[in-house]
2 protein chains.
Amino acid sequence: MQATIKDIAKKAGVSYATVSRALNGRRGVKDDTRELILEVARNMGYQPNAIARGLVLKHTRTLALVIPDITNPFFPEITRGVEDTASLQGYSVFLCNSHWDAKKEKLYLNTLQEKRVDGIILHTSNNVEEDQYTNFKIPMVLLNKISSVVEYSSVEVDNVRGGFLATKHLIEAGYRKIAFIGGTENSPSNAERKEGYKLALKQHRIPLDERLIMSGSFKSESGYENMKKLIDSGNIPDAVFGGNDVIALGVLHCAQEHGLRVPDDFGIIGFDDIPYASLPQIQLTTIEQPKYQMGRYAVDLLIKALRPEEGGEVKRIILEPKLKARKTTREVPR
Amino acid sequence: MQATIKDIAKKAGVSYATVSRALNGRRGVKDDTRELILEVARNMGYQPNAIARGLVLKHTRTLALVIPDITNPFFPEITRGVEDTASLQGYSVFLCNSHWDAKKEKLYLNTLQEKRVDGIILHTSNNVEEDQYTNFKIPMVLLNKISSVVEYSSVEVDNVRGGFLATKHLIEAGYRKIAFIGGTENSPSNAERKEGYKLALKQHRIPLDERLIMSGSFKSESGYENMKKLIDSGNIPDAVFGGNDVIALGVLHCAQEHGLRVPDDFGIIGFDDIPYASLPQIQLTTIEQPKYQMGRYAVDLLIKALRPEEGGEVKRIILEPKLKARKTTREVPR
DNA sequence: TTGAAAGCGCTAACAA
DNA sequence: TTGTTAGCGCTTTCAA
């Protein structure tokens, strides 16, 4: 059994209130007694019971990160950003994988409330019901936009701008027949990227061809399939903007299989800048999201919201996406 | 403020012990009162306080996973295995990144004890001091071998066998001058893989050339550098067994840069089978570790150890590594 | 500077 | 079947 404050009190011959004061560095304890108590505590290998403390203090110094799937290469860096920052500020973090499943997500949110975490960082699975996050009692910050009425603080990347940047790069590199192969239809991020795509085409007076706009899921196979459809249709684009890197890699694979020469005859750009993308054998041109920073900012926002003076207020941090021109697109002439 | 058991008791006009009984599905509560209580609880949006419960029950239904770095592609799948399994059994899991730093690891282990997690799954950073895990009060299972005297349960892959399999494959594919480019010198896993390498050479009567055995770190750059050294030395191998996939990828990059034709003139095999490895553009031959399963088994082992009847006993689960022959080695004639 | 005591929200032993 | 009560390990108020 672990030593408690009472055990120390007995051994040191003081009341346990004094032990608590000494251990917590509160003032109003004579230096001699403090030293004695600390000494005794050390000898007994005392470790404060955070559960008992949490019960009276009403906070647990615990945060939670709820994401769809840590196995998806987009999330580990965010997770590191979250964990590093939380740890620096004295918080531990629960990791929960929702498996892109709204039911599972809801279940997690519930247990996390029961465990009385101080705050939650959530990257929603899509397909979420409107009332999913209503009457929620714990501070929360979002890592992606949800279309719901509820308003939470969030840190996001400017997806419209990202989509615009991607498409503009393709155009400047001389590609003209540009397709958008996106992820899930009902994902707000996906919709915004598509919007940026349309914006860029318009600005450069390239007519929009609806047959070149596809959607599916945020997976490699979806990119492959959609690219194949495009090829089979005979209406073959000379470049593709993929809804994310994983999709883009699927497209790339399909393009190469069909003998399209990348980047000379066919350009491809992704979104996210997952670690794969920069591998020397891949060198995928993409739009970078500052993933680690997103995790970092989310924690900062959350911890600020924990302080009662600052609570309540909804803040949004919008981060800038950045073009990473690599080898799957032609060089832009200058 | 959240509703408590007392609030429910008051509203339902019963004692709060009865409420506790009803809520926990204990028998000895009249059906009518139970229904009433459940109804009231639902209306008040009651959520049990896991902290208070933990204080009296002396367990928290939480586990912790301590790994070096979730950003390292080897860990996300293990993590999923851990989290999925834990969640299925009603446990939440803390994620801690030690950054390959023994000090930080120790710090984490300490806070985790204070938070009274029920058990810990640990993949140690190397360079760990002998007494790091001694006088430790919480059940723990290890994901890699530590050279220390302390004995913990563990789930490991048979690294000697893995190293043997890798080298044997290279030999059977017709390569003769085979180098081992490993990770950190003091990593037990690394040492075991090297041992398997030597074993295979010996069995096939290929003389050991110590100049072909290199070590460094488990990073891509380390593989690149060591391969470069080999090339510069003039003593160029016709195949390399990399200490892990990331190293192997570095070696591959270097080899390609120097005009070595893979796999015809130069073969390369890794270890781990990280997600990158199977990318169509990479197709790295490697030794697979059952990562997800390792996480799963670790949790099973840990939860078993939590039950007092089964506690104490040290168990080891040794998993079989498997060859994944892909495109960076020649086909084995049959 | 120190101690006594209440109370955080819950479970469980005991009594009724 | 239900209620009373003690106690989990701690912090904090109040009094000494």
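This passage looks at how the protein meets DNA strand C and then at a sheet in chain B. The model is predicted, with local features needing pLDDT of at least 70 and side-chain atom pairs counting only at pLDDT 80 or more, while totals for chains, interfaces and linings use all residues. Residues are numbered from 1 along each chain as its sequence is written, chains are lettered from A and ligands numbered from 1 in the order in which they are written, and side-chain values use heavy atoms, without hydrogens and water.

Around DNA strand C there are 28 residues (each with a heavy atom within 4 Å of the strand), and A:Ser15, B:Ile5, B:Ser20, B:Arg26 and B:Tyr46 come nearest. By class, this surface has 14 nonpolar, 8 polar and 6 charged residues; Ala, Val, Leu, Ile, Met, Phe, Trp, Tyr, Cys and Pro count as nonpolar, Asp, Glu, Lys and Arg as charged, and the others, Gly among them, as polar. Of the DNA strand C atoms within 4 Å of the protein, 67% belong to sugar or phosphate. A polar side-chain atom of B:Ser20 lies 2.5 Å from a phosphate oxygen of the strand, while a side-chain N or O atom of A:Arg21 is 2.8 Å from a base nitrogen.

Turning to chain B, an open sheet of 6 strands (DSSP runs of E, at least two residues) follows the order β7-β6-β8-β9-β10-β12, with mixed pairing; pairing requires at least two DSSP bridges. Strands β7 (213–214) and β12 (322–324) of chain B stand at the edges with a single partner strand each, so one side of each lacks a neighbour in the sheet. Within the sheet, β6 (residues 178–181) and β8 (residues 239–242) of chain B pair in the parallel sense over 4 bridges, and B:Ile181 stands opposite B:Gly242.

Technical notes
Polar contact = N/O pair within 3.5 Å; in protein donor to acceptor, adjacent residues only side chain to side chain.
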